[in-house]
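The following exercises are to be worked with the sequence and the structure at hand. Each task is followed by a solution in steps.

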Amino acid sequence: MLAGIFALIVVSAALQSLSGFGFALLSVPILVILIGGPQTVSTVLITGTACDLAILALRRSVPRPAGREVLVLGLWSAPGMLAGAWLLGILPSRWLQIFVACLVILTVALRARSAGAPRAPAVRRPGRAAAAGFTSGALSTATSLGGPPTVLYLAQRGLAPRTMRDTLVTLSLVRLPLSLLALMTAGVWEVYEHWLPLIVAALAGQFLGTMAFHRFAGSHYDRIVVTLLTASALAALVAAGAS
């Protein structure tokens, strides 16, 4: 099983490097089947942090996130993380598999719908920032899929692609200690015993994804990402139905 999880993390990290998204969306539905919800959350948190640090390390320029967005989303994430950690402790594994799969399919559908759409004008609505932060925080500790709410919110802010990427990576690193605290407080922090080799897998995937980036046209690798994410979500639904 370790070899399969290692390969999954490599592919997930490579997709993250290729397209800027997909690490948790690909790995979580399958990991939930293999090792359960709590260990999935800790595994993705650890390996995802390794990916974020690798992204920053490989950048030749200083990251320039939108500081205000990081602050507001980070603050509103804190109560959401506590709620998500509590849900992780009480949700049956089968329900968690179904919820994760549906969330991945919804995210893929929203991405397909927005592909090629013109950039939206910048809009600042505090209520939306609060909702995005809280929802993202809850999903991050309950399922490790905290990205979609923040991505959808930041897309409405009219940020440049590089600024948006830097903002997402910075937000993820800022929320790391909050996630650990929330999971430990709720008593659901369970570390997969082979977590160290999986860090190597995440770094290897980042390297391979960076090397492959210039070999694919944008439409080609985007199609690959969407196909793999859909397959991952369907696998989770089948497994949940069989359990």
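**Exercise 1.** Determine whether S27 is buried, partly exposed or exposed, and identify the residues that it touches beyond its sequence neighbours.

*Solution.* The model is a predicted one.
Step 1. S27 belongs to helix 2, which covers residues 23-35.
Step 2. The relative accessibility of S27 is 0%. The limit for a buried residue is under 20%, and therefore S27 counts as buried.
Step 3. When residues up to four places away in sequence are not counted, S27 touches L8, I9, S12 and V44.

**Exercise 2.** Describe the packing of helix 2 against helix 3 by angle and axis distance, by handedness and by the residues in contact.

*Solution.* Two packed helices are described by the angle between their axes and the distance between the axes.
Step 1. The axes of helix 2 and helix 3 cross at roughly 145° and come within 9 Å.
Step 2. This crossing of helix 2 and helix 3 is right-handed.
Step 3. Helix 2 contributes F23, A24, S27, V28, L31, V32 and I35 to the contact, while helix 3 contributes G37, Q39, T40, T43, V44, T47, G48 and C51.
Step 4. Sorted by class, the contact of helix 2 with helix 3 comprises eight nonpolar and seven polar residues, with no charged residues.

**Exercise 3.** Carry out the corresponding analysis for helix 3 and helix 8, and examine L180 as one residue of their contact.

*Solution.*
Step 1. Helix 3 (residues 37-58) and helix 8 (residues 161-185) pack with their axes 10 Å apart, at an angle of about 145°.
Step 2. The crossing of helix 3 and helix 8 is left-handed.
Step 3. From helix 3, the contact draws on V41, L45, T49, D52, L53, I55 and L56; from helix 8, it draws on R165, V169, S172, L173, L176, S179, L180 and L183.
Step 4. The residues of this contact comprise ten nonpolar, three polar and two charged.
Step 5. L180, in helix 8, has a relative accessibility of 26% and therefore counts as partly exposed.
Step 6. Apart from neighbours within four places in sequence, L180 is in contact with L45 and W189. The C-alpha atoms of L180 and T141 lie 8.8 Å apart in space, although the two residues are 39 residues apart in sequence.

**Exercise 4.** State which residues touch the most other members of the largest nonpolar core, and which helix gives the most to this core.

*Solution.*
Step 1. The largest nonpolar core has 38 residues, of which I5, I9, V28, L31, V104, L145 and L183 touch the most other members.
Step 2. At least two residues of this core come from each of helix 1 (2-19), helix 2, helix 3, helix 4 (67-90), helix 5 (93-114), helix 8 and helix 9 (195-212).
Step 3. Helix 2 gives the most to this core, namely eight residues.
Step 4. V28 touches T40, V44, V100, T143, S144 and L145, residues up to four places away in sequence not being counted.
Step 5. Another core of ten residues lies apart from the largest one, and its members include A66, L73, Y153 and L171.

**Exercise 5.** Characterise the surroundings of A85 and the backbone of S144.

*Solution.*
Step 1. A85 is located in helix 4. Its relative accessible area is 1%, so A85 is buried.
Step 2. Leaving aside neighbours within four places in sequence, A85 is in contact with T141, A182, L183, A186 and V188. A85 and A186 are 101 residues apart along the chain, yet their C-alpha atoms are separated by 5.9 Å.
Step 3. S144 is found in the loop between helix 6 (126-142) and helix 7 (147-155). With a relative accessible area of 12%, S144 is buried.
Step 4. Most residues other than glycine have a negative phi. S144 has a positive phi, near 75°.

**Exercise 6.** Summarise the chain: how many helices and strands are there, and what share of its residues counts as buried?

*Solution.*
Step 1. The chain has ten helices and zero strands.
Step 2. Of its 243 residues, 44% count as buried.
Step 3. Considering contacts in the chain between residues at least 6 apart in sequence, 83% join residues at least 24 apart.
Step 4. The accessible surface of the chain is about 11900 Å², and 70% of this surface belongs to carbon and sulfur atoms.

Terms used
Residues numbered from 1 in each chain as written. Predicted model: local features only at pLDDT ≥ 70, side-chain atom pairs only at ≥ 80, totals over all residues. Heavy atoms only, no water. Axes fitted to C-alpha atoms, helices over the stretch in contact; angles between N-to-C directions. Helix = DSSP H or I, 4+ residues; strand = E, 2+ residues; numbered from the N terminus. Left-handed = near helix turned anticlockwise from the far one by under 90°. Contact = heavy atoms within 4.5 Å. Nonpolar A, V, L, I, M, F, W, Y, C, P; charged D, E, K, R; others polar. Buried < 20%, exposed > 50% of the residue type's maximum accessible area, 1.4 Å probe, protein only. Areas by Shrake-Rupley, 256 points an atom, 1.4 Å probe, with all protein chains shown as cover. Core = buried A, V, L, I, M, F, W, Y, C linked by side-chain atoms within 4.5 Å.
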